[in-house]
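Here's a quick walk through one chain, going from the overall fold to the ring contacts and the surface. Have the viewer open while you read.

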Amino acid sequence: MSEAELIDAYYLSLDAIDGNFEFWFSATAAMIAAAFLASEKMSWSLALFLAGIYALASGLFVFKLFSAGEALH
């Protein structure tokens, strides 16, 4: 790859990471709001379900972060 192609790939990877981080940050804010506003009314199974979805979103973010880094190699 030429230097220009490497720089372009680097910026494309940064854009992908930024988009994923925005999604993860939104999921974090939603989890905090749900825990704060509905913690007394929320059933234990729903709380575990939401925590599981959040853990999956976090895992997906980490996976995409490493995938974007591998795209540059």
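In this predicted model, the secondary structure boils down to two helices and zero strands. The radius of gyration is 17 Å, well over the 11 Å that the globule rule gives for 73 residues, so the chain is more spread out than a compact globule. The C-alpha trace tells you how that looks along the principal axes: about 60 × 15 × 10 Å.

Burial fits into a few numbers too. Of the 73 residues, 15% are buried. The chain has an accessible surface of about 5,700 Å², and carbon and sulfur atoms own 72% of that.

Now for helix α1, which runs over residues 3–38. Does its length add up, or what should its 36 residues span? At 1.5 Å a residue the expected span is 52 Å, and the end C-alpha atoms sit 52 Å apart, so the two agree. Which residues of α1 are buried? They are A9, S13, I17, N20, A27 and T28. As a reminder, an α-helix has 3.6 residues a turn, so residues three or four places apart point the same way.

The ring contacts come next. There are four aromatic pairs in the count. One of them joins F21 and F61, with a tilted geometry: the centres are 6.0 Å apart and the planes make an angle of 55°. This pair ties together distant parts of the chain, since F21 belongs to helix α1 and F61 to helix α2 (residues 44–70), with their positions 40 residues apart. Ring pairs also bring W24 and F25 into a cluster with F21 and F61.

How covered are these rings, buried or exposed? F61 has a relative accessible area of 15%, below the 20% cut-off, so F61 counts as buried. F21 comes out at 39%, which makes F21 partly exposed.

Over on the surface, I7, Y10, Y11 and L14 make up a nonpolar patch, with about 380 Å² of accessible area together. Y10, one of its members, is placed in helix α1. At 41% relative accessibility, Y10 is partly exposed.

Here are the three aromatic residues side by side:

| Residue | Relative accessibility | Class |
|---|---|---|
| Y10 | 41% | partly exposed |
| F21 | 39% | partly exposed |
| F61 | 15% | buried |

Key
Residues numbered from 1 in each chain as written. Predicted model: local features only at pLDDT ≥ 70, side-chain atom pairs only at ≥ 80, totals over all residues. Heavy atoms only, no water. Helix = DSSP H or I, 4+ residues; strand = E, 2+ residues; numbered from the N terminus. Rg over C-alpha atoms; globule rule 2.2 N^0.38 Å. Buried < 20%, exposed > 50% of the residue type's maximum accessible area, 1.4 Å probe, protein only. Areas by Shrake-Rupley, 256 points an atom, 1.4 Å probe, with all protein chains shown as cover. Phe/Tyr/Trp six-rings, centres within 6.5 Å; stacked < 30°, edge-to-face > 60°. Patch = residues over 30% accessible without salt bridge, like charges linked within 9 Å, V, L, I, M, F, W, Y side chains within 5 Å. Salt bridge = Lys/Arg side-chain N within 4 Å of Asp/Glu carboxyl O. Expected span 1.5 Å × (residues − 1).
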